[in-house]
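Biologist: Please choose a single loop and go through it closely. After that, carry on to the helices and strands elsewhere in the chain.

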Amino acid sequence: MGTETEYGIIAPGIPDANATVLSTQVVNAYAATLREGLGNLAGTRWDYTDEAPLSDARGWQLGRAAADPSQLTDQPPVLTAEQVAMVDQGPIDSPEDTAVLMNLVLGNGARLYVDHAHPEYSSPEVTSPLDAVRWDRAGDVVVQRAMERIARTPGFSPVILYKNNTDSKSVSYGSHENYLVPRSVPFGKIAAALIPFFVTRQVICGAGRVGIGALNQSPGFQLSQRADFFENEVGLETTVRRPIINTRDEPHAVAEKYRRLHVIIGDANLSEVSNFLKLGTTSLVLALIENELAPIPEIAEPVRELQAVSHDPSLRHLVTLADGRRVTALDVQEIYLEAARSAVDLQGGGDEQTAAVLRRWESLISTLRTDPMDAAQQLDWVAKLKVLEAYRDRDSLEWNDPRLALIDLQYADLRPDKGIHYRLAARGAMERLVSEEDVLAAASDPPRDTRAYFRGRCISSFPKEVVGASWDSIIFELPSQRRLQRIQTREPLRGTAALTERLFDGSRTAEEFVSRLQGGPEPSMAP
């Protein structure tokens, strides 16, 4: 599993700044930061060879002419000469490489790049929800370091990054999840079982939002930043006509064995508990689907109910099921919880993290039934609502007061001394699941139990020779070879530390490493 976060970005000193240029500054600032601390190591350019964003899991390929331009993620963004100059004058200051970068693969196995008008961090692949939290937070560290460098670069206006999902002026940007699932599981079964789950899981992983409607047309507070921007149940799009179930069939792995479930409906979470449960509960539901044990409490009108659930922080809204029953979102979540617990018990119990997910899932459902405000230390939407209600009580503010919208935005501010979430966490008002030391390490070190280890170690060990990388390949340029050497990494659970660490540690050069990897003759040990 893994996460993708598109960060909101502004330059307060330049109100009309081009967001793509600002996002490019973030990527280049982080590259320069890496060079400054680690010599030549500044990440590796992205290889677009295996991208296939127009393949649909329902069995067809969308034509490029029919696709929205935002769907064409298999080609790099392009800046004008003037825009390049706006980037090149600042954070890129290494004499070895002054090209403007819009895509980087990092030494921790992640990808940092410009996605249209946003800087985006895609985490490395991990095998547990707690590791997903750790490497997701590492992305926040990466962009915080870029912000800090831009702020101290002469001639550049500081930028502020937000981990949120809407500018509240009709624009929404994504926080996506990715899960590796067997291709043998019919996609229709995945969609049917996940729709009711996704409609209702926002009670736990919603980030909270001031305003109702895509245009903030009504005052109020809701659970999710994303809910009002969804229009369909199933579809290929991600930025227009957004569907609850995205059908992009781009596995980034052995296509005959795997599919990558691309989940676009989640909010960007700062709460570690919300993030842990978002990924952990979804993984458990996917396991239920794979084992044909998943409940399907079919919802009569999923898109309408998605928004109705979000619009009711009291959690009393009754969702109408296809069979006529009316239940709360918490009731639906409890149906999935009971199915997951039964399946785990049948198998003799799960591992420690499975038990933790089940325990927290059950506890929070109970807490939210009794008094949602008691979950303020654990869930983003409740923590945000508690802060907002304190301001409302103190200053007698109505929900349409612009000061509340500013507080909403400040909750997601990634500056540790300014962001409300960070200030709450600093005084122990938000529960933490991973240590600061582990998060800082994850900003530079890859996970050890997936192919991300191989990718990250290649980039950190041989930065000059690795000229391109993607999720499923690494490209070497070696002095002794006339052609580029592409190393395929299509099996997500190969390339782990257990399989390759000794090979890295025992290779003094990229030539030696690739030769040994390909099973060639042992290189001479002479200097």
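Modeller: Helices and strands here are DSSP runs numbered from the N terminus, with H or I over at least four residues for a helix and E over at least two for a strand. The model is predicted, and local features are used only at pLDDT of at least 70 and side-chain atom pairs only at pLDDT 80 or more, while totals for chains, interfaces and linings use all residues. Residues are numbered from 1 along each chain as its sequence is written, and side-chain values use heavy atoms, with hydrogens and water left out.

The loop chosen is the one between strand 10 and strand 11, where Asn 216 lies. Strand 10 covers residues 209–212 and strand 11 covers residues 218–222; the two pair in the antiparallel sense over three bridges. Two strands count as paired if DSSP finds at least two bridges between them. Val 210 of strand 10 faces Phe 221 in strand 11. Together the two strands form a hairpin with five residues between them.

Two residues of this loop have a positive phi. Gly 213, in the turn, has a phi of about 100°. Asn 216, which is not a glycine, has a phi near 55°. Most residues other than glycine have a negative phi. Asn 216 counts as partly exposed because its relative accessibility is 27%; buried means under 20% relative accessible area, exposed over 50%, and partly exposed in between, with a 1.4 Å probe and protein chains only.

Leu 315 can be set beside Asn 216. Leu 315 also has a positive phi without being a glycine, at about 65°, and sits in the loop between helix 7 (302–310) and strand 15 (318–320). Its relative accessibility is 10%, so Leu 315 counts as buried.

Elsewhere in the chain, an open sheet has six strands in the order 5-6-7-1-9-14, with antiparallel pairing. Strand 5 (103–105) and strand 14 (258–263) are the edges; each has a single partner strand, so one side of each has no neighbour in the sheet. On average, neighbouring strands of this sheet are turned by 20° against each other, direction ignored. At one edge, strand 5 pairs with strand 6 (residues 111–115) over three bridges, and Asn 103 stands opposite Tyr 113.

Helix 4 (residues 187–200) packs on the sheet, where it touches strand 9 (175–182) and strand 14 and makes about 25° with the direction of strand 14. Helix 6 lies across strand 1 (2–6), strand 9 and strand 14, at about 30° to strand 9. Contact means heavy atoms within 4.5 Å. Axes are lines fitted to C-alpha atoms, for helices over the stretch in contact, and angles run from 0 to 180 degrees between N-to-C directions.

Helix 6 (residues 272–290) also packs with helix 8 (residues 329–346), at an angle of about 65° and with the axes 10 Å apart. These two helices are therefore roughly perpendicular; angles of 65 to 115 degrees carry that label, those under 35 are roughly parallel, those over 145 roughly antiparallel, and the rest oblique. The residues in contact are Leu 284, Val 285 and Leu 288 of helix 6 and Tyr 336, Ala 339, Ala 340 and Ala 343 of helix 8.

For the whole chain, there are 16 helices and 19 strands, and buried residues make up 58% of the 527 residues.
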